[in-house]
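Good morning, and thank you for making time for this presentation. I would like to go through the empty spaces of one protein model, and then turn to its surface and its backbone.

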Amino acid sequence: MGKLFIGWMWLMSHLPLSVLRGLGWLMGRVLFYLVPSRRRIALRNLELCFPETTAAQRRDWAKQSFVVFCQTWLDRSWLWFAPQKTLEKRTRMTGALQELEGDTPTIIFAPHFYSMDAGGTALTIHCNRPFTSIFSTQPNADVDAWIRKGRQRFGDVRMLNRDDGIKPIIASLRKDHGLLYLLPDMDFGPSDSLFVPYFGQVAATIPSLSRFARLGKAKVIGMYTRLTPQGYEVTISPAWQDFPSDDVVADTTRQNRELEAQIRTMVPQYYWVHKRFKTRPEGEPSLYS
């Protein structure tokens with residue numbers, strides 16, 4: 001099945017972008033109704049994070065979110081198969097691009113917007129520095145190999161398995177003076193997590209951004225990728241001032257605050273189908289019952 005899926009994606013890579021996006025729109029609308037478990041999670045997350053909005057608004061955001069999910073998945077076809085000139089035409093880098101220059105160890109805070117792979121691919125094309133990304137193994141071996149190959153298609157990219165721990169991550173930052181692409185905004189369970197504010201709730205959040213920055217003597221910048229009709233826009237933020245501090249709780253709270261601000265600019269493009277509030281403080285009931 002994995003090889004068939006990859007072959008289908010190769011075929012999709014030859015379609016005009018407008019056709020591919022239209023197909024993604026149709027798939028997303030159908031998926032919204034065919035996968036009720038994920039629909040309920042998305043709607044519940046939006047309710048928890050945006051209680052001031054109407055139920056109709058949240059449902060519309062959820063529908064759009066499923067569409068963006070499908071569109072960005074289909075876009076991985078041309079991101080990982082099309083010629084480089086196609087990617088250069090369809091991806092645009094903006095913002096504080098000077099932060100990517102030099103040899104200061106740099107951590108890129110790249111949260112789970114659906115366009116994250118487009119952002120990572122654009123970065124490898126437009127930046128010549130060594131680039132490290134952390135991955136989780138996919139269940140299907142063929143698809144896992146295809147994803148890793150796609151993410152390493154351009155530039156000097158090193159993929160590190162999350163299960164290998166932090167030592168190779170810190171070594172890469174210190175030795176290569178490169179870029180670390182970090183996505184620490186999911187609920188990874190109670191181990192090593194801190195309960196800090198997030199959209200008015202408390203959320204189990206791993207403090208890796210602060211700790212890696214301190215151990216690697218690295219600066220932190222944000223990278224936020226937006227789906228557009230023409231392709232993708234990748235925005236680089238200025239380096240975060242006074243980060244990391246000597247207070248890991250304050251740093252992790254700030255991380256969530258920075259993320260909230262970006263989500264508010266493109267609500268449907270965030271990964272709402274994940275149970276972000278799954279892990280609760282001891283004694284508190286589930287928010288998804």
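Before the loops are discussed, a word on terms: helices and strands are DSSP runs, numbered from the N terminus, a helix having at least four residues and a strand at least two. With that in mind, please note that this is a predicted model.

I shall begin with the open spaces. The largest pocket has a volume of about 1000 Å³. It is lined by 38 residues, and those closest to its centre are Arg-76, Met-116, Asp-117, Gln-138 and Arg-151. Which elements contribute at least two residues each to this lining? They are the helices α1 (2-12), α4 (55-81), α6 (116-126) and α7 (141-151), together with the strands β3 and β4 (157-161). Among these contributors, α4 gives the most, with seven residues. As to chemical character, the lining of the largest pocket holds 23 nonpolar, 10 polar and five charged residues.

The second largest pocket encloses about 460 Å³. Its lining consists of 18 residues, with Arg-162, Ile-166, Ile-206, Ser-208 and Phe-212 closest to the centre. Two or more of the lining residues come from β5 and likewise from α9 (208-216). The largest share belongs to α9, which supplies four residues. By class, this second lining comprises 12 nonpolar, three polar and three charged residues.

I now move from the pockets to the cavities. A general remark may help here: rolling a probe the size of a water molecule over the atoms shows where empty space is left. How many cavities of 30 Å³ or more does a search of the whole structure find? The search finds three.

The largest cavity contains about 50 Å³ of space. Its lining is formed by Asn-45, Cys-49, Met-186, Tyr-198, Tyr-270, Tyr-271, Trp-272, His-274, Arg-276 and Phe-277. Of these residues, seven are nonpolar, two are polar and one is charged.

The second largest cavity contains about 40 Å³. Ten residues line this cavity, and Thr-132, Ser-172, Leu-173, Gly-178 and Leu-179 lie nearest its centre. At least two lining residues each are supplied by β3 (131-135), α8 (167-176) and β5 (179-182). The largest share, four residues, is that of α8. The lining of the second largest cavity divides into six nonpolar, three polar and one charged. Two of the strands named here have appeared before: β3 also supplies residues to the largest pocket, and β5 also supplies residues to the second largest pocket.

Let me turn next to the surface. Trp-25, Leu-26, Val-30 and Leu-34 together make a nonpolar surface patch of about 410 Å². Trp-25 is situated in helix α2, which covers residues 17-34. Is Trp-25 buried, partly exposed or exposed? Its relative accessible area is 44%, so Trp-25 counts as partly exposed, given that this class lies between the limits of 20% and 50%.

Ile-41 offers a contrasting case. This residue belongs to helix α3, residues 36-49, and Ile-41 is classed as buried because its relative accessible area is 10%, where buried means under 20%. In sequence, Ile-41 and Tyr-288 are 247 residues apart, yet in space the C-alpha to C-alpha distance between Ile-41 and Tyr-288 is 7.4 Å.

I shall close with the backbone. Most residues other than glycine have a negative phi, and most peptide bonds are trans. Three places in this model deserve a look on that account.

Where is Asp-192 found? Asp-192 is in the loop between β5 and β6 (194-198). Although it is not a glycine, Asp-192 has a positive phi of about 70°. Asp-192 is also exposed, with a relative accessible area of 58%.

The loop between β9 and α10 holds Asp-242. Here too phi is positive in a residue other than glycine, with a value near 55° for Asp-242. The relative accessible area of Asp-242 is 69%, which means that Asp-242 is exposed, the limit for that class being over 50%.

The loop between β9 (231-236) and α10 (248-263) also contains Pro-244. What kind of peptide bond joins Phe-243 and Pro-244? The bond is cis, with omega at about 0°.

Thank you for your attention; I am glad to take questions.

Notes:
Residues numbered from 1 in each chain as written. Predicted model: local features only at pLDDT ≥ 70, side-chain atom pairs only at ≥ 80, totals over all residues. Heavy atoms only, no water. 1 Å grid on protein atoms, 1.4 Å probe; cavity = no way out; pocket = protein on both sides within 12 Å on 5 of 7 lines; lining within 4 Å. Points joined across faces, edges and corners; volume = space filled by probe spheres on them. Nonpolar A, V, L, I, M, F, W, Y, C, P; charged D, E, K, R; others polar. Patch = residues over 30% accessible without salt bridge, like charges linked within 9 Å, V, L, I, M, F, W, Y side chains within 5 Å. Areas by Shrake-Rupley, 256 points an atom, 1.4 Å probe, with all protein chains shown as cover. Salt bridge = Lys/Arg side-chain N within 4 Å of Asp/Glu carboxyl O. Buried < 20%, exposed > 50% of the residue type's maximum accessible area, 1.4 Å probe, protein only.
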